[in-house]
Amino acid sequence: MIKNNLSTIIITVITATMGVIAAVSFGKMHHPEELFPSEGLTGKVMLSDYFEGIKGTNGDTEVYLFDSGVEGGTALVCGGAHPNEAASFLSAVVILENLRVTCGRVFIIPRLNNSAFTCSDPMEGFPASYEIPTKYGTRRFRLGSRVTNPLDQWPDPLVFSQYPSNQQLSGFETRNINRSYPGRADGNLTERIAYAIVQLIEKEKVNIAFDIHESSPEVPIVNVIVYHENYEEVAMGAILGLEMAGLQFSPETSPKNFHGLSHREWGDYTNAIPFLMETSNPSMGRLRGRTDVDLVLRGYCDNYKKAKETGALRIAYREDTGEPIAHRVGRHIAGVVELINSYNLYYPDMQIVIENLPDYDMIMEKGVGEFLNN
Amino acid sequence: MKTRIATYVTITILFLAGTSLLAQKFEQPVLISSAGQSADVKLVKMLAQRQGLNATTVLMAKPEDLTGFKTLVIVPGFSSKGLGAAGISQQDELERVQSLIKAANDLKIPIVLMHIGGNARRQGQSDSFNQLVADNSKFMLVVKQGDEDGFFTKIAGARNIPLTLVEKIAETAEPLGNLFK
Ligand SMILES: [Zn+2]
């Protein structure tokens, strides 16, 4: 009897073992990576302090405050709206771990959609984490999903009706924080997180707000600053400033009829001046080859070189160097700095003065890890 | 000897032709419009303001908007967000630009092309707009990165259109202002 079923038993034991190993590994995604804010930090609260409705959920997330004590304006820097975009989270972390503010205040939310950090996108073959060497040793960061964990919000409707615009989107987008603004207090988890962010912006009287993203090299909206039409001049001033520093950004106006996005709804529903930036990340693209940590960090992929050479599509990919993480983080930080500089010119009564952030060339030369603490 | 004289004559003729083209003056007021609805046109608007030009920006200018203007500056470059914001298709936009260019040509309003978006506004869907505007322009002002493959240089050569290439967007301001001096 036992002999007859020996193969069944062996297969069952092997499968169960693999399942346990996978479950333990996947479970690790629920353990947030430790962050080490700079000495300029003056406070830390939770997003649920602005809206009770996300308290105790995986959507609640840390909000870090750098208050100079000098009267001025208030900035909000958000990373991790889409946790599969490594440079989004890492840029916010580098700012968090280096920032000094000498006028006004800066809030930082590194994990904007905290729930989406606890899983990865199915069928995409993404690594669950990546490591960055630093002066003090190696630090591990999670690479999450574009959308809220289905364990936290399920099931998706067939068609997502965006609130309050009623714009129809695919059901999957129900869990996309960047389709959920301005959110609602009695909505699903993603809408409640969005609502909490809007509450923070209003309560703290945020003047300028950043939403940091990455996208695949073949989409039209990449290496851009997306701005709300009311604040065109701040964006244009920054683009000229960035160009002087050797960094090319394309201006993109936020479409008035595309709802739920930060650059649209933060601008429409609050007094903040919103900006969304995108860098080119080959690990997110449809043409990518093997999807591993090397692709996420080095951003080098021959397929994109070939695609660019055909000239059929505009591809935001540099054939010689690829799109390494230092380049992507360097661009985002330079973008934040120049947009704040430009903002200061137009709003001299509400100045925000930030210091001690590495510039693009420093990050390219020394790597992102050089600017991470421990 | 004969060939040498012929060469001198040819060079002189080319030189004269060249200077007469370069000497073409553009007059104000200026209408600034986009071809492809990229937000690059907003940068040109800002640069024109800084140069003190009497300029009006109409993103989706139609033939009737040309009334009263003496120069048309078109900033080509495709943006799906821009078209989405305007609620129109790429085909609609192409047809609008064609009719605007035709009207300007009929009214003898010279067209200046300003391409400032570098390789982000090249190839793919941008080049149909770039080609259309370049073919019909009397002057081209281009940021070099957009001409890495000689796209604008070739059109300028083939159609005898003066072309100024600059390194950076900010450097287009002065040559733009000089067109009207
Ligand atoms: Zn994103």
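How many bridges join S3(A) to S5(A), and in which sense do the two strands run? Five bridges join them and they run parallel, where two strands count as paired if DSSP finds at least two bridges between them. This is a predicted model, in which local features need pLDDT of at least 70 and side-chain atom pairs count only at pLDDT 80 or more, while totals for chains, interfaces and linings use all residues. Residues are numbered from 1 along each chain as its sequence is written, chains are lettered from A and ligands numbered from 1 in the order in which they are written, and side-chain values use heavy atoms, with hydrogens and water left out. Helices (H or I, at least four residues) and strands (E, at least two) are DSSP runs, numbered from the N terminus.

**Strand S5 of chain A**

- Strand S5 of chain A (residues 105-109) is mostly covered, since five of its five residues are buried; buried means under 20% relative accessible area, exposed over 50% and partly exposed in between, with a 1.4 Å probe and protein chains only.
- In a regular strand the side chains alternate between the two faces of the sheet.
- On one side of S5(A) are A:Arg105, A:Phe107 and A:Ile109, on the other A:Val106 and A:Ile108, and both faces are covered.
- Strand S2 of chain A (residues 62-67) runs antiparallel to S5(A), to which it is joined by four bridges, and A:Asp67 has A:Arg105 as its bridge partner.
- On the S3(A) side, the bridge partner of A:Val77 in S5(A) is A:Ile108.

**Nonpolar cores**

- The largest nonpolar core (a set of buried Ala, Val, Leu, Ile, Met, Phe, Trp, Tyr and Cys residues joined through side-chain atoms within 4.5 Å) has 86 residues, of which A:Val106, A:Ile108 and A:Phe275 touch the most other members.
- Apart from that core lies another, of 29 residues, including B:Ala103, B:Val133, B:Phe151 and B:Phe152.
- Leaving aside residues up to four places away in sequence, A:Ile108 touches a set of residues that includes A:Tyr64, A:Phe66, A:Val77 and A:Leu96, where contact means heavy atoms within 4.5 Å.

**The zinc site**

- The zinc ion has as protein donors A:His82 through ND1, A:Glu85 through OE twice and A:His213 through ND1, at 2.1 to 2.4 Å; donors are N, O and S atoms within 2.8 Å of the metal (3.2 Å for Na, K and Ca), and water is not among the atoms, so sites may look incomplete.
- In sequence, the spacing of these donor residues is H-x2-E-x127-H.
- A:His82, in the loop between strand S3 (74-78) and helix H2 (86-98) of chain A, and A:His213, in strand S10 (residues 208-215) of chain A, are 131 residues apart, and the pair links distant parts of the chain.
- A:His82 is buried at a relative accessible area of 2%, and A:His213 is likewise buried, with 2%.

**A β-α-β unit in chain A**

- S11(A), helix H4 (residues 232-244) of chain A and S12(A) make a right-handed β-α-β unit; a crossover is right-handed if, with the strands pointing away from the viewer, the path from the first strand over the helix to the second runs clockwise.
- Strand S11 (residues 224-227) pairs with S12(A) in the parallel sense over four bridges, and A:Val226 stands opposite A:Glu252.
- From strand S12 (residues 250-253) of chain A, A:Ser250 and A:Glu252 point one way and A:Pro251 and A:Thr253 the other, and all are buried.

**Loops and backbone details**

- A:Tyr181 and A:Pro182 are joined by a cis peptide bond with omega of about 5°, and A:Pro182 is in the loop between strand S9 (168-170) and helix H3 (189-203) of chain A.
- Another cis peptide bond, with omega of about 0°, joins B:Gln28 and B:Pro29.
- A:Asn223, in the loop between S10 and S11 of chain A, is not a glycine but has a positive phi of about 55°.
- A:Leu143 is buried, with a relative accessible area of 1%, and its C-alpha is 5.2 Å from that of A:Asn84, although the two are 59 residues apart in sequence.

**Chain B overall**

- Chain B has seven helices and six strands, and 49% of its 181 residues count as buried.
- Among its contacts between residues at least 6 apart in sequence, 77% join residues at least 24 apart.
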